[in-house]
Amino acid sequence: MKLQRWDIAAWGGLAGIRHDDLARHPLIVVRGDNESGKSTLLDCLSTLLYGFSPAKLADHPAAPWDGSALEGTAVFRDPRGGDVEIFRKLQRAAEGRMQRGDEDGDIGNHPVWWAGSLSRETFEGLHRLDTDALDGLDDDTWKLFEERLLGGAGFDFLRPSGEVLAELQSRADALWRPDRRIRGRARRLADAMKALGEARDQADGNARRLLEVRQALAAKSWQADELDAGLRELIARRQRAEVLLPVLRTLQEIDELRRQADETVPEDRLPDDVRGLLSQLSATMVEKGRRSEELSARIDDHQRHLDKNSDHEDILAVEDEVRALLSEAAVHSQDRVHLIDLDRTRDSLEAELSARGATLLSGSLDDEARAALQRLDTGELQARVKAWEEARRRPEIVDEQLKRARESADVAAKDVEELPDKNEEIRLRTRAEELRTLQSRDTVLAEMHKELEAAEKGKQPDTQGAKERRRLGFGMIATGALLGLLMIVGGADDVILSSLMAVGLITVGIQVIRRRPADTDRPDAKRAKALEAQVRKMRAALDLHTYEAVESHLQECDEKLTLAAARPTLERRLINAQRRIKELEQEQKNAAKELETARAAIDEALTGIPVLDSRRQRPGLDVVADIEALRSTLRDIARRKGEREALARRAAEREERARTLGEALGMDSSGEPMDIAPLLQERLHQALAARRQAREAKAELPHLQSQIAELEQALEEARAEHDALAEKLAALDPADDDPEAGLQRLERARAWRTQADELEHELHAQHPDWAERGEEARQAQRDGLELDLPTEERVSLAQSIAQLEDAAAKLRAERDELEAEFTRLSGERELADVDGELAALREQEQRLLMARDRAVILGAVIREAEARWRRRHQPGVLSRAGEHLSTLSGGRDQQLIVRGRGLAVQRAGRELPVPVAGGLSRSARERVHLSLRVAMAEHLDPEGHLPLLLDDVLVNWDEPRLADAGDWLMDVAGRRQVILCTSRPGLAETLASAAGAHVVSLPAPKAPVAETATADAVSAAGSSTATPTA
Amino acid sequence: MTTPFRFVHCADLHLDAPFPRRSEAVRRRLADAARKTVSGLVDRCLSQRVHALVVAGDLFDDERLTPADEQLLLTEMTRLTEGGVTVVLAHGHSDPGHAAGRAASMRWPTERFHRLSAERAEEIVVRDADGEVVGRVIGRSLASGQEPDARLADYPEPSGPEPAVGVVHGSVLGAGHDDPDPRATARLAELGEKGFRYWALGHSHQRRRVLERPLAWYAGPLMGHGFAEPGPCGALMVSVPANGAPKVTFERFAPVAWETLRLAELSACEDVAAVAAAARRALKNAAPAVDTHAAGPLRWLLRLELDGPCPAAPSLRTEAGRDELVWSLTGDDGVLDVDVIIDGLSSVVDLEAHAGQPHLLGLSLEVLDDALRDDALLDRLAPPVLAGCVGGSPDARRQYMRRLLSGLDRQAAEMLLRTETGA
């Protein structure tokens, strides 16, 4: 089948690529630049033959970015006639159609029928060669390739068999090795199992021992039971001798004692301690009698208290008054002392009043004066005194103001008088003007004289203008000189003009320097003289000396003129001063009147009080203070007087009450009334004590009477009980009816019973089951068993029991040991547990050994497959490859043979073949490689249905080799279509011309528009960004 | 007499037989589970007021029975008989009834407890609570466990009209055994010759009915001891009416079950979690639809045999990957322990694309295919020493090798094809 046409609608970067009429060209050269899509074209052709892989558009490497479908068509020409069109498209799913003539069939994603048994991977491994396959074939790489090639693994998707076999062997050895040189996992497992085997033996032994121990324990238990039975029998015999007999004897003794007691006192219903009870009853009777007497005495005492209480009824009737009077007795004494103190204080205050009144009053203070003093409003008086003092100071102030007003008026009148009149003022103004004129002319004249003097001395002052003129002159001269120099040195164009200018400049400069000051600059002596005369004249007119200073006169004139200007002000001041004098004079009169009025007001306030005239005439605040002191003293006297009167009244009242009480109680009233207070207190105390005792007696009397009644009743009962008991005791002595004899009989019977009880108690302590033992003993006695044993038999019995007990103890110890061993063995690891782990390990070991065997068998399978490949394919491939190699090498290399594990080339003229690895150059190895791959392809596709796709495989070949390659290609193309892609135009032309190859071209790769545009945009952006900076 | 003869038929508890697990903790839990199984069985018999418990042999493992578990058995049997249930115990291979055996030295209950004699077949009369005879159990124990014949011919005819039940511990020839145990065999035809209404069989660890008329059942193990005894285990509740067909119902008593899950469709499992999910689904399918017995929740011991192409194969080949899978499954309450077998696991490869191709892989696949049929080739491929089959006959070696060839095609492809990482 030969390719007639391809039509690629969209495939990776290829679109709308169509080439037709290809079948008649066995060798097709596809020329295109790098990235033009040559490899993509070959991918497309592979896919058209085999279908899409991968079959999802999203995963396919040639899928267009825009998500559109992959689509292509190829037409193959059948050598038997007819064309077959293959159409494949990948969008949602892989589609495929095959059309032959009118037959249109769906092939889905399956290969074309003529691909035969060759899979896509095999096709691409053999029929498609690219540069990389021939590039870098150094010795090591070649050996690897050779091994794969000769072993059927000459495809890129397969690993070398040697590598795989080594890995499998490594895996197998890691698991298990027969020679045990390496501790594989199986070996480690075996070790673990061996250890477990030992553990199993141990566990097995433990289990067996456990059963033995259990059996031994059972035997020991049986022995122990037997021993216990024998021991129990012996112990029973000993018990009969040692326990039952004593018990029986004790019981008999008890019975005897109780029988004697019953005979003596058949029925003992008397209390336990009869003698004690009798003594106790006697003592009780004595005690009750004594208590009864004591109570009677106490009742009598209480009765007496009740009687005595009536003696104090009179004072208890007035108990409250007496208590009040007694509580005030001490106060009364203090009040008496206080009255005396108040009298003394009153006298001293009267004396103080007299002393104070001596400096203020003209006479003694009678009651009216005291009343007047008492009524006096000292605040009002103080206000009036202050008003008087104010009024008294007012005339003095007015006098002082009047004096100052008169002085001001005098000064103002004097100032007015000293003012110049109008004419004088005009004259002063004129003179001042003339003085100022004179002053200015004096100044000008002095300056003129100074200049004239300088001129006369020849010292023309170097004025600023002269300096500038000199600088200008020198500058002009220098410029002219420089101009001339330049003219001489540099050769000016216009020599004449330049010379004229230089000379001119120098000349003018000299003139400027030499120019003298003008006449206008010199002082005018005449003018000075004229001015001097004028000044002298003016001085004369002003009455001034020639050299007299003008300034003082001018100052005098100015002062006078200033005074004249203040005339209105001075006149107003004078009028005001005169008016103020008048006002003050009127005010002086008013102040005198006010002073008189204030004094009258003070007199009015002091009416009724005999104040000294001297103090009345000058009433100050001292008068007010003195009056206030008098008033204070008077108030003190009055307060103490009232206090004394109150005290005296209360004392009198108390004495009256004391007198009344004394009379009511019949007490002596000859002395002071309050003197009865101590007596009252004594009597009240006695009365209260008597009342308290009476109350207590009254409260206790019923209780005492009740007690005495109870005592008498108890006494009667005790006596009755004592008599009854004595009667019962007497009945116990039927002979004499003597209570004491009866009591002695009773005590004897009771002693026997007590003895019997004690024996029984001891028996119980020794034999808690004495009742059963007693019954047992009686039963044994009834059964005729001998309870008592001879001593020899007892000793023998004790020895037997001891022996049996020793044996039982020994047996228990052995049993304890066995139980301990049983417990220990039960805690040991169980056999089932060990076996479980062992079984798990065996399972693991079995899986591991199977994994090892699987790896070894797989290695054997791969070796067998490799051998099959060699048998089936190697001879044909090597023979065909030798032919290719001969063509490619121009006949230099004649044959390709296998030597050992590698390939060798038989070269013309060489006796021995040259090994490919290590013996051939790199280019020679490339030829061998190419020969082998193509030979293999031809071997597997002998009918040449599938094309050979070569992707730039000759790109590195030189011209001589290319010539050989052209022959080889034509040779190969004679059997199958060859499609060679190349980016070398020269190679295409060479093959076209030398080998008749049909050349088709792929369009140049499109510029990545989007990327360029983006780059331009970025560039533009960069420019625009840089502009402002520039 | 209208009361049906109701009894529990169990066998092959093998108390204290080993549990093949590496983990000591798991072994302990399994041993505890076996003890709970005994107690659960007794509880159920008492609660259901059955007339009898028929043990068709191998109640315990004679060699390994510990004194503690012996005591447990005695205690539980005593509890059962005191509850009014008759116990008929036949001894099997593991607990033979000879005089030197453990069973002979054990202090079994004296009332309502019957150890079938190893000397001769005997009939045990079973009575209800009122003392009326409700059934008869006829059988014998194995003396040593090595007897070649079950000697059914010696079984007496039932001495009364009540439903009669035969007890045998052994293999029944013709009952579909793949590889019958040559010991204590009986012929299927013999079962129909005695006029029994039901045959309580023991010894086979696969619960199954072996005969319809008369009805004969292997009860299967009371509790499984390995992956060879898969699924929920327990006993059969049998009710034999005076007239009519007996009714047989299985009840689970073992709180644990062993199960091998072969997961061969893993090509869609991209990671270990997806494999775990597939395992859970498989377990859900294997679990009984209805499991209402009061033995408590069922815990599983799983063997996951991962087979075929799986994208997660590289992860699962690492110990960490397998640990993750185990952890993921045992995290569920229902799974006690997991074995992961990955011998048949491979990466995803398209074998068809390479089969028949003229390259090493194509030829390897061809060799493997040939080896399945060609003994000579198989012998040629065999290494001098097969570690897993030492000393076997040539046929046994070939059989062993053919087992190993299973899945080797994918392994070959995996080894020979370059991966994306350039291996």
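Visitor: How far apart, N to O, are the side chains of A:E583 and A:R580 where they meet in a salt bridge?
Guide: A salt bridge is a side-chain nitrogen of Lys or Arg within 4 Å of a carboxyl oxygen of Asp or Glu. The side chains of A:E583 and A:R580 form one, with an N to O distance of 3.5 Å.

Visitor: What kind of model is this?
Guide: Residues are numbered from 1 along each chain as its sequence is written, while chains are lettered from A and ligands numbered from 1 in the order in which they are written. Side-chain values use heavy atoms, leaving out hydrogens and water; local features need pLDDT of at least 70, side-chain atom pairs count only at pLDDT 80 or more, and totals for chains, interfaces and linings use all residues, this being a predicted model.

Visitor: Which helix of chain A holds both A:E583 and A:R580?
Guide: Helices (H or I, at least four residues) and strands (E, at least two) are DSSP runs, numbered from the N terminus. A:E583 and A:R580 are three residues apart, about one turn of the helix, and that helix is α17 (residues 567-605).

Visitor: Is A:E583 buried or exposed, and at what relative accessibility?
Guide: Buried means under 20% relative accessible area, exposed over 50%, and partly exposed in between (1.4 Å probe, protein chains only). Its partner A:R580 is partly exposed at 34%. A:E583 is also partly exposed, because its relative accessibility is 43%.

Visitor: Which residues are joined into one network by salt bridges that share partners?
Guide: The residues of this network come from chains A and B. They are A:E864, A:R868, A:R871, A:R872, B:E366, B:D369, B:D370, B:R373 and B:R380.

Visitor: How many salt bridges does the structure hold over all chains?
Guide: One of them joins A:E380 and A:R384 at 2.8 Å, N to O; these two lie four residues apart in helix α11 (residues 378-417) of chain A. Over all chains, the number of salt bridges is 118.

Visitor: Why are A:D301 and A:R304 separated by about one helical turn?
Guide: These two residues form a salt bridge, with their closest N and O atoms 1.9 Å apart. A:D301 itself is partly exposed, with a relative accessible area of 32%. The separation is about one helical turn because A:D301 and A:R304 are three residues apart in helix α7 (residues 274-308) of chain A.

Visitor: What does the side chain of B:S117 reach at 2.9 Å?
Guide: B:S117 sits in the loop between β4 (113-115) and β5 (122-127) of chain B, and B:S117 is buried because its relative accessible area is 18%. At 2.9 Å its side chain reaches the backbone nitrogen of B:E119.

Visitor: Which residues is B:S117 in contact with, leaving aside its neighbours within four places in sequence?
Guide: Contact means heavy atoms within 4.5 Å. With those neighbours set aside, the residues in contact with B:S117 are B:E122, B:R140 and B:S141.

Visitor: What is the phi of B:H14?
Guide: B:H14 lies in the loop between β1 (5-10) and α1 (24-48) of chain B, and B:H14 is buried at a relative accessible area of 10%. Its phi is positive although the residue is other than glycine, the value being near 50°.

Visitor: What is omega for the peptide bond that joins B:R213 and B:P214?
Guide: B:P214 is in the loop between β11 (208-211) and β12 (215-218) of chain B. The bond joining B:R213 to B:P214 is cis, with omega about -10°.

Definitions and conventions:
Polar contact = N/O pair within 3.5 Å; in protein donor to acceptor, adjacent residues only side chain to side chain.
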